[in-house]
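Trainee: I have a new model open and would like to learn how to read it. Could you walk me through some of its features?

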Amino acid sequence: MSRHVVAAAAEVPPGGRKLVMVRGRPIAVCNLGGAFFGLLNRCPHQGGSLCEGLVTHAVTADRPGEYRMSRQGEIIRCPWHGWEFDIRTGQSWCEPDRIAARQYPVSVAPGADLVKGPYVAETIPVSVEADYIVVEM
Amino acid sequence: MAETIDCDIHPGVPTVKVLLPYMDAYWADAFVQRGMDGFDLASYPPGSPIACRPDWRRAGQKPGTDLAQLQSAALDAFGARFAICNPLYGGTVAVSETMGAAICSALNDWIAAEWLNADPRLRASIVVPAQAPHLAAEEIDRKAPDRRFVQVLLPAGAEMLYGKSYYWPIFEAAQRHGLPVGIHAGLMYRHAPTSNGWPSFHLHDYVAGAQVFEDQLLSLISEGTFLRYPGLRIVLLESGVTWLPGFIWRAIKTWRGVRAEVPWVKRSPAAYIREHVRLTMQPFDAPDDPAIVAQLLEEIGSDEMLLYATDWPHWQFEGERAVPPGFSPALLRRITVDNPLATYPRLQESIA
């Protein structure tokens, strides 16, 4: 597994997301309040682009007819068929134990560290003053 | 198969006159004064082929109205240890709530006195005025103490979908008494039996009946009825069986995409169906190919859901082939004995 610099951290502010390519794979990088998460951008159902889906909240209920909203911004819905995925874990809402969007570890590293390596950053110019998003794959 | 439990037979009401002794003075008089009779359901006209197999038909009699014939043709011939009587009659669907309730009450008392008392193998469903849930609940409370009543009976097509709050009193009463609710094929015929209006032919009416069951199941699941009444058991009677796997697939697929509109539906629709829903097996609707039948059973994904039934005297099969080929002896035992006993606690207690 190697670490790939995919974007400057400033490109994906809290609540934002960005589609990047790592070793030929599309990865949806999401920023939840400063924590970064990476999901393979192919819905495990039929391959829809998760990055283009609606980022929404969890809807739960304690009893019929009642609705509770929580975890604003932490659920992404596939634009094709509406399947919901937990951005933090990749788990599907309906079958969390069986169906999940594949996850890749994402972190933020300062440019000063990156220039020392070992990182793969063929396409991202790195400056020592900025922070960068790093995907492990 | 002398232990067999037949979960759907149909004793017939020959005329409303037999019910009059079981009515209060007002109604006993009213049916005579108004000259009202013939409350047979439009879903099963007594003369129609579906209503009675030819060799079970008796000239000059409505189907299923002869106790001795029911004993020999339905009980003895199939080796029934128990059989559950599901009378299909107009009290359940009458436009007048009070008249409907009067017919249902009289029918329940008549069944108890003249059928259940006559043969210890017989059990019955409580027929209720489905058009008046508060009166239906009263009738359930009134008859539930007689433990030979093992179920509440509703028509498949009613005034509304059964998940609506209007029907809570029925499900609450059923759960209170530990009674499953049987939903039998048949309609009130006040609403078109399809969502596109009135079909022209019986062919369409009967085949489309499966859609009505699908609608009721979806309503009960999506409205959260099984969460509100966790002890509720639904038995689909004469619903057909083989439509179920495709229906379950479609329900799961769609739920995964839109479940946020019904967040209380926390599990897959299949989970609620397998836990709360049972189906009788006539008609089954499959070819006489054991491999195909076995495949369908695997797709249904549970050996606990099917209940043996002859649907006597309705014309679903010839001879004594009430079970299609392809059932292993172990599965046969489940559907004819174990599953009925598990579904109907009152049957279990009567042999304990």
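**Reading chain B, strand by helix**

Mentor: Happily! Let's begin with one residue pair: Ile5(B) has Phe82(B) in β2(B) as its bridge partner. Do keep in mind that this is a predicted model.

Trainee: Which strands pair there, and in what sense?

Mentor: Bridges tell us which strands run side by side. Here β1(B) and strand β2 (residues 80–85) of chain B are paired in the parallel sense, over four bridges.

Trainee: What is the order of the strands in the sheet?

Mentor: Follow the pairing from one strand to the next. In chain B you get β1-β2-β3-β4-β5-β6-β7-β8, an open sheet of eight strands with parallel pairing. Its edge strands are β1 and β8 of chain B, each of which pairs on one side only.

Trainee: Which strands does α7(B) lie across?

Mentor: To place a helix against a sheet, look at what it crosses and at what angle. α7(B) lies across β4, β5 (181–187), β6 and β7 of chain B, and runs at about 110° to β4(B).

Trainee: On to α10(B): which of its residues are buried?

Mentor: In helix α10 (residues 269–276) of chain B, they are Pro269(B), Ala270(B), Tyr272(B), Ile273(B) and His276(B). These residues cover an arc of only 160° around the axis, so they sit on the same side of α10(B). Their packing partners in chain B are α7 (209–222), α8 (225–228), β6, α9 (244–258) and β7.

Trainee: How far apart should the ends of helix α12 of chain B be?

Mentor: Count 1.5 Å a residue: the 15 residues of α12(B), 329–343, should span 21 Å, and the end C-alpha atoms are 20 Å apart, which agrees. Still, look along the helix as well, for α12(B) bends by about 40° at Ile335(B). Ile335(B) is also one of the buried residues of α12(B), together with Arg334(B), Thr336(B), Asn339(B), Pro340(B) and Thr343(B). The buried residues of α12(B) pack against β1 (4–9), β6 (234–237), β7 (277–280), β8 (306–307) and α13 (345–351) of chain B.

Trainee: And loops? Where does Tyr166(B) lie?

Mentor: Tyr166(B) is in the loop between β4 (149–157) and α5 (168–176) of chain B. Counting neighbours helps here: Tyr166(B) has 14 C-beta neighbours inside 10 Å, so this residue counts as partly exposed.

Trainee: What is Tyr166(B) in contact with?

Mentor: Setting aside neighbours within four places in sequence, Tyr166(B) is in contact with Pro133(B) and Met160(B). Compare sequence with space, too: Tyr166(B) and His134(B) are 32 residues apart in sequence, and 9.0 Å apart in space, C-alpha to C-alpha.

Note on methods: Residues numbered from 1 in each chain as written. Chains lettered and ligands numbered in written order. Predicted model: local features only at pLDDT ≥ 70, side-chain atom pairs only at ≥ 80, totals over all residues. Helix = DSSP H or I, 4+ residues; strand = E, 2+ residues; numbered from the N terminus. Expected span 1.5 Å × (residues − 1). Bend = angle between axes of the 7 residues up to and from the residue. Buried ≥ 20, exposed ≤ 12 C-beta atoms within 10 Å, placed from the backbone. Contact = placed C-beta atoms within 7 Å. Arc of directions from axis to C-beta. Pairing = 2+ DSSP bridges. Axes fitted to C-alpha atoms, helices over the stretch in contact; angles between N-to-C directions.
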